[in-house]
Amino acid sequence: MCVSTGYVHDDYGNQSIGHPEGPMYYNGIYHLFYQYNPKGAVWGNIVWAHSVSTDMINWKPLDPAIYPSKPFDRYGCWSGSATILPGNRPIILYTGIVDPNNTQVQNYAVPANYSDPYLQKWVKPDNNPLVFPGVGVNGTAFRDPTTAWWGPDGHWRIIVGSRRKHRGMAYLYRSRDFMSWAKAQHPLHSAKTGMWECPDFYPVSMDSENGLETSVMKGNIKHVLKVSLDLTRYEYYTVGTYFHEKDRYVPDNTSVDGLAGLRYDYGNFYASKTFFDASKNRRILWGWANESDTASEDVNKGWAGIQTIPRKVWLDKSGKQLLQWPIEELETLRGKNVHLNNQQLNLGDHVEIKGIAAAQADVEVSFSFASLDNAEPFDPSWADMDAQQVCSHMGSTVTGGLGPFGLLTLASAHLEEYTPVFFRFSRLKTSTWFSCALMLQGMCSSLKKELYKPSFSGFVDVDLTDKKLSLRSLIDHSVVESFGAGGKTCITSRVYPTLAVLGDSHLFAFNNGTETITIEKLNAWSMNNPLMN
């Protein structure tokens, strides 16, 4: 949305974009705030930038909404959220830094004019701060207040991310009037993972793909707690039960509550934020992908950091994890289309997808295979590795049984450069259990040697009864966002090809496994640019 040269990310000039803040839908307008340095493509001088849209695809930037100007945010205006109060009154909560020692407090801002459709000016009343660290709370690790929710007892609640020694903490605060806040005796939840940044807490329906307003407590629902881990720079979430009478959140036992837990995205994706879109009854997820090249390159190109494509998020029918999918409005940018049907891929095959602009494309493909018998045995030495570590050993060129197969994105004509997105299967201890991983390998993405070119991977929990797998990839010059198995496993990566750029970029489907793969259906579209600025 904010920077890059592609169909949703656009270049504002010499600046740096940070993660999303306080997204909301208000009176027919989508508002996105985000950390922003208007003075250069490096970190610093952070303000809350503000852009508006009617479809989350075409955006109009406004003047910054919040910038350091008061004693309670003199040393920085940092992350936060937005809540719509009764009477249709939006309010922003954000972290301010009050002194050179990095002491953090929670402040609020309100629109100067509620009748302005764009809410272009925001004021920070002098009764700030609303929330102080207090006794026993680490004041230098106390940030990122969530969207508030209203409980049946008539109290508003928020959580603030923090840590106590090695435990991540979601401190809970309550208020009747949104102005006077009291800390609860115990956190909403905690875990031994290090500092929790950018927490997000919201309900999800067990019966529908529709999203729920943040204060919904009744019905057949679960709750999701997401945290961004400063230790790893990845995000983790759990699905569980919120006991609002006790203000306790208890994760289900269907996934790990810690460093090996579920992620929204197994790639370059951090400090995300969701909001409830009342116009279409859906919950929308925004994420941030920073740069993977050098700081000097960021300065040379004049920008750094992007917002990823907004995603609809909902609970899988199993109740064990979330599903994610690019918002439907993205399809309005689709242009020229090509398709393949019933194309077989044998060992070593590379089939080029011609007729579209491969540097800026949306690709949907359904793969099938005849048998799981050729899936390679799971190497016992991988048992203590996560999927990303396995991917670093078993890349797209290492011949397997069932896989690797998938797409070669942002590829040069002779494959000096390419970014593979692919599936690979392994047979576990018994013949009836299989592991499927979605992988994205960065080592071949660019001829530049000084780049950080990681491999990313996540295991896919998929029913293999019909022996089919789907993959959707959004390709945008320096960004590849991929959604495996209908959005069960997602990976975002930043890549910087030198040969595979603009008209010299190519797209291939490939198979380097001994099991023949069939492309049952492939549709690919060139993507047009949105209206920006």
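How much area does the protein chain expose, and what share of it do carbon and sulfur atoms supply? The exposed area is about 20,500 Å², and carbon and sulfur atoms supply 51% of it. The legends below describe a predicted model.

**Figure 1. The whole protein chain, with two helices and 37 strands.**
The radius of gyration is 23 Å, close to the 24 Å that the globule rule gives for 533 residues, so the protein chain is as compact as a globular protein of that length. Taken along the principal axes, the C-alpha atoms fill a box of roughly 70 × 50 × 40 Å. Of the 533 residues, 62% count as buried. Among contacts with a separation of 6 or more, 62% are made by residues 24 or more positions apart.

**Figure 2. Residues 19-326, a stretch annotated in UniProt.**
An unreviewed UniProt entry lists these residues as "domain: Glycosyl hydrolase family 32 N-terminal". In the model, the chain over residues 19-326 is 48% strand and 2% helix. The C-alpha atoms at the two ends of this stretch are 18 Å apart.

**Figure 3. Asp-63 in strand β4.**
Strand β4 covers residues 60-66, and Asp-63 has its place there. Is Asp-63 buried or exposed? With a relative accessible area of 60%, Asp-63 is exposed, because the cut-off for that class is over 50%. Trp-48 is 15 residues away from Asp-63 along the chain, and the C-alpha atoms of the two are separated by 9.2 Å.

**Figure 4. The hairpin of β5 and β6.**
Strand β5 (residues 77-85) is mostly covered, with seven of its nine residues buried. Its pairing with strand β6 (residues 89-97) is antiparallel and takes in seven bridges. At one of these places, Ile-84 has Pro-90 of β6 as its bridge partner. Three residues stand between the strands of the hairpin, where Gly-87 takes a positive phi near 90°.

**Figure 5. An open sheet of four strands, β15 to β18.**
The strands follow the order β15-β16-β17-β18 and pair in the antiparallel sense. Which strands stand at the edges? They are β15 (196-205) and β18 (248-251); each has a single partner strand, so one side of each is left without a neighbour in the sheet. Neighbouring strands here are turned by 35° against each other on average, direction ignored. Eight bridges join β15 to β16 (residues 221-229), and these two strands run antiparallel. One bridge partner pair is Tyr-202 with Val-224, the latter in β16.

**Figure 6. Thr-241 in strand β17.**
Strand β17 spans residues 234-243 and holds Thr-241. The relative accessible area of Thr-241 is 29%, which makes this residue partly exposed. Apart from its neighbours within four places in sequence, Thr-241 is in contact with Lys-222, Arg-248, Tyr-249, Val-250 and Asp-252. Val-224, the bridge partner of Tyr-202 in the view before, is 17 residues from Thr-241 along the chain, with 8.3 Å between the C-alpha atoms of Thr-241 and Val-224.

**Figure 7. An open sheet of six strands, from β25 to β35.**
The order of strands is β25-β37-β27-β33-β34-β35, again with antiparallel pairing. At the edges stand β25 (334-345) and β35 (489-494), each with a single partner strand, so one side of each has no neighbour in the sheet. The twist from one strand to the next averages 10°.

**Figure 8. Strand β27 and its partners β37 and β33.**
How many of the ten residues of β27 are buried? Eight are, so β27 is largely enclosed by the rest of the structure. Strand β27 (residues 360-369) pairs with β37 (residues 517-527) in the antiparallel sense, over nine bridges. Bridge partners between β27 and β37 include Glu-364 with Asn-523 and Phe-367 with Ile-519. Strand β33 (residues 468-476) is also an antiparallel partner of β27, with nine bridges. In β33, Asp-476 is the bridge partner of Gln-360.

How values were computed
Residues numbered from 1 in each chain as written. Predicted model: local features only at pLDDT ≥ 70, side-chain atom pairs only at ≥ 80, totals over all residues. Heavy atoms only, no water. Pairing = 2+ DSSP bridges. Axes fitted to C-alpha atoms, helices over the stretch in contact; angles between N-to-C directions. Rg over C-alpha atoms; globule rule 2.2 N^0.38 Å. Buried < 20%, exposed > 50% of the residue type's maximum accessible area, 1.4 Å probe, protein only. Contact = heavy atoms within 4.5 Å. Areas by Shrake-Rupley, 256 points an atom, 1.4 Å probe, with all protein chains shown as cover. UniProt positions renumbered as here; feature names shortened; annotations may be inferred.
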